[in-house]
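Colleague: I would like to learn how to read a few features of a structure. Please show it to me, and then we can take them one at a time.

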Amino acid sequence: HLLRVGGSFTKLNDPKSGDANDKVSSVPFKGKILHSSHMSHFNSAVRDKRVVLIGDASSAEDLALQAVKLGCQKCFILSRSGFGNAACVSSWPKGIDPSTGKMEPKVEVYIALPTRVFDDGSGLECNELYWDEEVGSYEIVEETPSVMLNDVQTVIFCTGYLPDQDCLAEDLQFPSLRSDVTEDFSEIWVAPDDFKMRDNPLTAVTGDIQPSEDIYISSNIIPGVYRRTLLMSNPRMMYLSDAHSECSLLELDISAWLCIAYITGITRIPSKAEMKADLDAQMIEEMHIPYLRYYIDMDYFDALSMLDETHWSEDINDPRTTQLLLGYMNYNAGLIARNMRSAHYPVDFGTYNNLNEKGNHLVKLMLASSHARQTISSKSEWATFRDVCPKSFRSIYTGQEASSLPGHWLDLDKGDKPLTSFTILPPK
């Protein structure tokens with residue numbers, strides 16, 4: 001057996017180093033350009049600067065708040081999809097805007113990406129984009145006005161990482177990285193002819209949408225890799241791969257136990273046909289979940305994109321939105337529970353279809369986490385998702401309630417006497 005345990009996604013996804021800039025602009029940006037991993041340069045790059053973060057996932061959310069804490073003038077987050085953590089934040093910390101003299105949010109989020117650098121290299125023109133299937137690239141939405149960001153001093157790519165398996169022979173790499181196309185690899189999936197989505201709160205709005213001819217493989221699946229662990233063409237090749245998950249560290253630990261179970265024979269390695277059937281079943285299930293089907297079925301994507309910002313699905317407190325979220329979160333917790341059982345993991349969350357008390361506790365934590373960033377009061381000048389009331393967050397294992405911060409998060413680690421002490425309560 002051979003295990004690749006160094007992390008599967010370790011190469012910077014750094015658009016400035018590729019050909020992307022050639023299409024964006026022939027004028028060089030005169031400010032500083034960083035990747036989110038370049039933290040040694042972060043302080044000087046954001047303090048008293050106007051900063052642009054490209055990407056809207058967790059790193060953008062974290063760095064935007066850190067930039068505010070360090071005293072940036074303004075931070076702009078540019079999102080392609082509008083569905084990352086940063087794009088879901090209901091309110092950002094505020095400060096006096098020097099240009100207006102008014103109290104304004106220190107962070108602004110735009111559903112747009114840079115398409116042109118100003119002629120003097122000091123700013124960015126940004127536009128909403130759409131994926132053109134015929135051309136095979138993102139194109140500008142002409143009907144949407146451009147966003148002009150002036151006097152930008154720093155651009156930070158919060159664009160994540162790409163797979164890096166150059167140390168492996170090509171036939172041991174993820175099929176998506178190989179120069180040859182194998183039978184185990186496809187980024188496209190075809191739904192069964194008789195597929196019909198289960199009714200959900202959005203059904204009354206969307207009706208029964210037939211699946212697109214081609215469905216994208218879910219980001220929860222690595223094509224050609226069974227349960228993100230076994231190479232289907234050679235199951236003796238195994239990976240500990242980063243999961244798109246609310247519980248990444250937990251899932252990595254479970255994957256390690258799963259590898260051990262396969263190697264020692266505690267868990268049988270399925271046949272290739274069984275693996276394929278399992279992945280097909282997972283794709284079918286994700287087609288029933290609105291928050292997952294949205295990303296893989298373009299016809300469903302188009303239907304939901306027609307809903308405006310006043311629709312009930314944009315209200316995190318609407319019980320129908322909660323029902324959709326719980327469906328999504330129960331599914332994710334079910335996958336974790338399934339893999340725990342297969343790995344003979346020392347903690348048990350129940351089964352895929354029937355979570356136990358710990359599994360249901362995980363779902364409650366996921367829901368509380370989602371509410372934390374989407375229910376921040378717009379009246380607050382200092383609140384962040386980290387300042388949320390901790391009563392909804394209790395340890396799955398001990399019941400210990402999360403400790404309150406000793407002050408506002410923006411004020412921690414400031415001045416000569418940083419606030420770093422926490423009150424640890426005895427388990428209840």
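Modeller: Start with R373, whose charged end sits over the ring of F385, 4.8 Å from its centre. The rule is that NZ of Lys or CZ of Arg must be within 6 Å of the ring centre and within 35 degrees of the ring normal. The model is predicted, so local features need pLDDT of at least 70 and side-chain atom pairs pLDDT 80 or more, while totals for chains, interfaces and linings use all residues. Residues are numbered from 1 along each chain as its sequence is written, and side-chain values use heavy atoms, with hydrogens and water left out.

Colleague: Which ring does the charged end of K69 sit over?

Modeller: The ring of W409, with 3.8 Å to the ring centre.

Colleague: How do I read a pair of aromatic rings?

Modeller: Such a pair is described by the distance of the centres and the angle of the planes. Rings of Phe, Tyr and Trp (its six-membered ring) pair if their centres lie within 6.5 Å; planes under 30 degrees apart are stacked, over 60 edge-to-face, and the rest tilted. Searching the whole structure gives seven aromatic pairs. One of them joins Y291 and Y328, edge-to-face, at 6.4 Å centre to centre and 75 degrees between the planes. Y291 is in helix α7 (residues 290–296) and Y328 in helix α9 (residues 319–343), so the pair links distant parts of the chain, 37 residues apart. Helices (H or I, at least four residues) and strands (E, at least two) are DSSP runs, numbered from the N terminus.

Colleague: Are Y331 and Y352 buried or partly exposed?

Modeller: Buried means under 20% relative accessible area, exposed over 50%, and partly exposed in between (1.4 Å probe, protein chains only). Y331, at 4%, is buried, whereas Y352, at 27%, is partly exposed. Ring pairs also link Y294, Y295 and F301 into a cluster.

Colleague: How do I read a sheet?

Modeller: Strands of a sheet pair through backbone hydrogen bonds, either parallel or antiparallel. Here two strands pair if DSSP finds at least two bridges between them. Five strands form an open sheet with parallel pairing, in the order β3-β14-β4-β5-β8. The edges are β3 (32–35) and β8 (107–111); each has a single partner strand, so one side of each has no neighbour in the sheet. Inside this sheet, β4 (residues 50–54) is joined to β5 (residues 74–79) by five bridges, and V51 stands opposite C75 in β5.

Colleague: Which strands pair with β10 in the antiparallel sense?

Modeller: Strand β9 (residues 113–117) does so over four bridges, and β13 (residues 147–149) over three. E125 in β10 stands opposite R116 and also opposite M148 in β13. β9 and β10 form a hairpin with six residues between them, and G121 in the turn has a positive phi of about 75 degrees. Both faces of β10 (residues 124–127) are covered: L124 and C126 are buried on one side, E125 and N127 on the other.

Colleague: What counts as a cavity, and how many are there of 30 Å³ or more?

Modeller: On a 1 Å grid over the protein atoms alone, a cavity is a set of points where a 1.4 Å probe fits but cannot get out; lining residues have an atom within 4 Å of a point. Grid points are joined across faces, edges and corners, and a volume is the space filled by probe spheres set on the points. The search finds three such cavities. The second largest has a volume of about 70 Å³, and its lining includes K196, D199, R293 and Y300.

Key. 1 Å grid on protein atoms, 1.4 Å probe; cavity = no way out; pocket = protein on both sides within 12 Å on 5 of 7 lines; lining within 4 Å.
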